Amino acid sequence: MSNWKSAKAKRVLAALEKIGWRIKRQKGSHKVLERTGWDNYVFAFHDGDEIGSKMLPRIAKKTGLKPEDL
């Protein structure tokens, strides 16, 4: 069973910013995030979108996000 629970995109983005990611540029809902030592990550969700428990581990793999960060 997954440790991840679904969360709003706005909350996920805030958690990413808290662990060191910042928005490099944005076009529409596509935000390119950057963090030293990591590849850029394209966060393509609207603030009100619900990100499910299957998508969150995929985001975590690319960004270093942990369930306790949310």
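This is a short talk walking through one chain, from its overall build down to a few single residues.

Okay, hi everyone. Before anything else, keep in mind that what you see above is a predicted model.

Let's start with the parts list. The chain has two helices and five strands. If you follow the chain from the N terminus, the order goes β-α-β-β-β-β-α. So what about the overall build? With 70 residues, a compact globule would come out with a radius of gyration near 11 Å, and the chain has 11 Å, so the two agree. If you'd rather think in terms of a box, the C-alpha trace spans about 35 × 25 × 15 Å along its principal axes.

Now, how much of the chain is buried? That's 31% of the 70 residues. The accessible surface adds up to about 4,800 Å², and carbon and sulfur atoms make up 49% of that. As for contacts, take those with a separation of 6 or more: 50% of them come from residues 24 or more positions apart. On charge, we've got 16 positive side chains and 8 negative ones, and the centres of those two sets sit 3 Å apart.

Right, on to the strands, and I'd like to hang this part on S3, which covers residues 30-34. Is S3 mostly enclosed or mostly open? Well, four of its five residues are buried, so S3 is largely enclosed by the rest of the structure.

On one side of the story we have S2, residues 22-27, which runs antiparallel to S3 and is joined to it by five bridges. These two strands make a hairpin with two residues between them, and Gly28 in the turn has a positive phi of about 65°. If you want a pair to look for, Gln26 stands opposite Lys31 in S3.

Lys31 also has a partner in S4, and that's Phe43. Here again the pairing is antiparallel, with four bridges between S3 and S4. Another pair to find is Leu33, opposite Tyr41 in S4. The hairpin of S3 and S4 has six residues between the strands, and Gly37 there takes a positive phi near 90°.

S4 itself, residues 41-44, has a neat alternation. Tyr41 and Phe43 point to one face and are buried, while Val42 and Ala44 point to the other face and aren't.

While we're in that neighbourhood, have a look at Thr36, in the loop between S3 and S4. Is Thr36 buried or exposed? Its relative accessibility is 80%, so Thr36 counts as exposed. Thr36 and Gly20 are 16 residues apart in sequence, and their C-alpha atoms are 8.3 Å apart.

Last stop: helix H2, residues 55-63, where we find Met55. Met55 has 28% relative accessibility, which means it counts as partly exposed. And how far is Met55 from Gln26 in space? From C-alpha to C-alpha it's 21 Å, with their positions 29 residues apart in sequence numbering.

If you take one picture away, make it S3: paired with S2 over five bridges, paired with S4 over four, and largely enclosed. That's it from me, thanks!

Conventions. Residues are numbered from 1 along each chain as its sequence is written. Side-chain values use heavy atoms; hydrogens and water are left out. The radius of gyration is taken over C-alpha atoms; the globule rule is 2.2 Å times the number of residues to the power 0.38. Buried means under 20% relative accessible area, exposed over 50%, partly exposed in between (1.4 Å probe, protein chains only). Contact means heavy atoms within 4.5 Å. Accessible areas come from the Shrake-Rupley method with a 1.4 Å probe; for residues, only the protein chains shown count as cover. Lys and Arg count as positive and Asp and Glu as negative; His and the chain ends are not counted. The place of a charge is taken as NZ of Lys, CZ of Arg, CG of Asp or CD of Glu. Two strands pair if DSSP finds at least two bridges between them.
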